[in-house]
Structures are given as structure tokens and as C-alpha cells.
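Please open the structure in your viewer and keep the selection tool at hand. The tour below moves from one selection to the next and says what is to be found at each stop.

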Amino acid sequence: VQLQASGGGLVQAGGSLRLSCVVRGSISSINTMAWYRQAPGKQRELVAISISGGSTNYADSVKGRFTLSRDNAKNTVSLQMDSLKPEDTAVYYCNALISTTAWSSSNYWGQGTEVTVSS
């Protein structure tokens, strides 16, 4: 199982970016799908998470600006980032809790995609 992320880049403050992540491989089901980020010198933090069943939660710092969307048919998760701020600069990682069989699940990470917001 692999998570492949894409969509990072350089953008000016106030701009937008869209990150995408696709789950590839043999799976049974995907439980949670999420985006994390890690800024230089800081710990990795949760940005947004979609829980199987429909609820989506966001970090306070991104509420109203970021939108997580999930396509269960395509095994993808996206993060639409609007009104970007310099403090959103970080490496963004997609994450998924995946069941590969009916009795086994594991946590998987994408390779990270860099987002830089200039002031």
C-alpha cells in the first residue's frame, strides 16, 4: 500500500493551492484519511481529518480556509487551501488508516509535499 501526494508549491499570501493524495495497492477499506503538516523546527501537526462515517475535523488555525474532501470510490483525499498565510508554510503529509484485510489495519503516510507561502 502506498500513498502518493501531489500539488505542493510556492504561492503568495492570500493565494490557493490544492493538494491531492491517492491510495494505491490492495486494500479492504479506508477508515480515516487526513492531512498533517510539519513546519521547519516544529512538530508534525494534524491539519484536517476525515473519519469514516462522514465527519471532518480541522485544526483551529485552518478552519474556514482549508477544505478536506474525500472520494471513497477513487481512494483519494484532497486538501483545498485558500487564503494561505506565511505560517501555513510546511511539508504536508497525507495519512490514512487502512484495513488491508478484515482483521488487520495499519497507519500509512505519503511522502510529503512542500508548501511555501511568501509574504
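Begin by selecting Leu19, which is buried because its relative accessible area is 0%, where buried means under 20% relative accessible area, exposed over 50% and partly exposed in between, with a 1.4 Å probe and protein chains only. This is a predicted model, in which local features need pLDDT of at least 70 and side-chain atom pairs count only at pLDDT 80 or more, while totals for chains, interfaces and linings use all residues. Residues are numbered from 1 along each chain as its sequence is written, and side-chain values use heavy atoms, with hydrogens and water left out.

Leu19 is found in strand 3; strands (E, at least two residues) and helices (H or I, at least four) are DSSP runs numbered from the N terminus. Now show the surroundings of Leu19: leaving aside residues up to four places away in sequence, Leu19 touches a set of residues that includes Ser6, Trp35, Leu79, Met81, Tyr92 and Val115, a contact being heavy atoms within 4.5 Å. If you also mark Arg70, you will find its C-alpha atom 12 Å from that of Leu19, although the two residues are 51 apart along the chain.

Stay in strand 3 and select Cys21 together with Cys94, which are joined by a disulfide with an S to S distance of 2.1 Å; a disulfide is a pair of cysteine sulfur atoms within 2.5 Å. Cys21 lies in strand 3 (residues 17–24) and Cys94 in strand 9, so the pair ties together parts that are 73 residues apart in sequence. The structure holds one disulfide, and both of its cysteines, Cys21 and Cys94, are buried. The torsion about the S-S bond of Cys21 and Cys94 is about 55 degrees, so the disulfide is right-handed.

Next, select Trp35, Val47, Phe66, Leu79, Met81 and Tyr92, which touch the most other members among the 28 residues of the largest nonpolar core. Such a core is a set of buried Ala, Val, Leu, Ile, Met, Phe, Trp, Tyr and Cys residues joined through side-chain atoms within 4.5 Å. Among the elements that give two or more residues to this core are strand 1 (2–6), strand 7 (66–71), strand 8 (76–81) and strand 11 (113–118). Strand 9 gives the most to this core, with five residues.

Which strands pair with strand 4? Strand 4 runs antiparallel to strand 9 (residues 90–101), to which nine bridges join it, and strand 4 also pairs in the antiparallel sense with strand 5 (residues 45–51), over six bridges; two strands pair if DSSP finds at least two bridges between them. To see single partners, colour Gln38, which stands opposite Val91 in strand 9, and then Tyr36, whose bridge partner in strand 5 is Leu46. The hairpin of strand 4 and strand 5 has six residues between the strands, and Gly41 in this hairpin takes a positive phi near 80 degrees.

Ile30 is the next residue to pick, and its place is in strand 4 (residues 29–38). Ile30 counts as buried because its relative accessibility is 11%, and, not counting residues up to four places away in sequence, its contacts include Val23, Arg70, Asn75 and Ile98.

From Ile30, move to its contact Asn75, which is found in the loop between strand 7 and strand 8. The phi of Asn75 is near 55 degrees, a positive value in a residue other than glycine. Most residues other than glycine have a negative phi. Ser83, in the loop between strand 8 and strand 9, likewise has a positive phi, near 50 degrees, and Ser83 is partly exposed because its relative accessible area is 41%.

For the last stop, turn to the aromatic rings, where a search of the whole structure finds two pairs. Rings of Phe, Tyr and Trp (its six-membered ring) pair if their centres lie within 6.5 Å, and planes under 30 degrees apart count as stacked, over 60 as edge-to-face and the rest as tilted. The rings of Tyr93 and Trp109 have centres 6.4 Å apart and planes at 85 degrees, so this pair is edge-to-face. Tyr93 belongs to strand 9 and Trp109 to strand 10 (residues 104–109), 16 residues apart, and together with Tyr36 they form one aromatic cluster.
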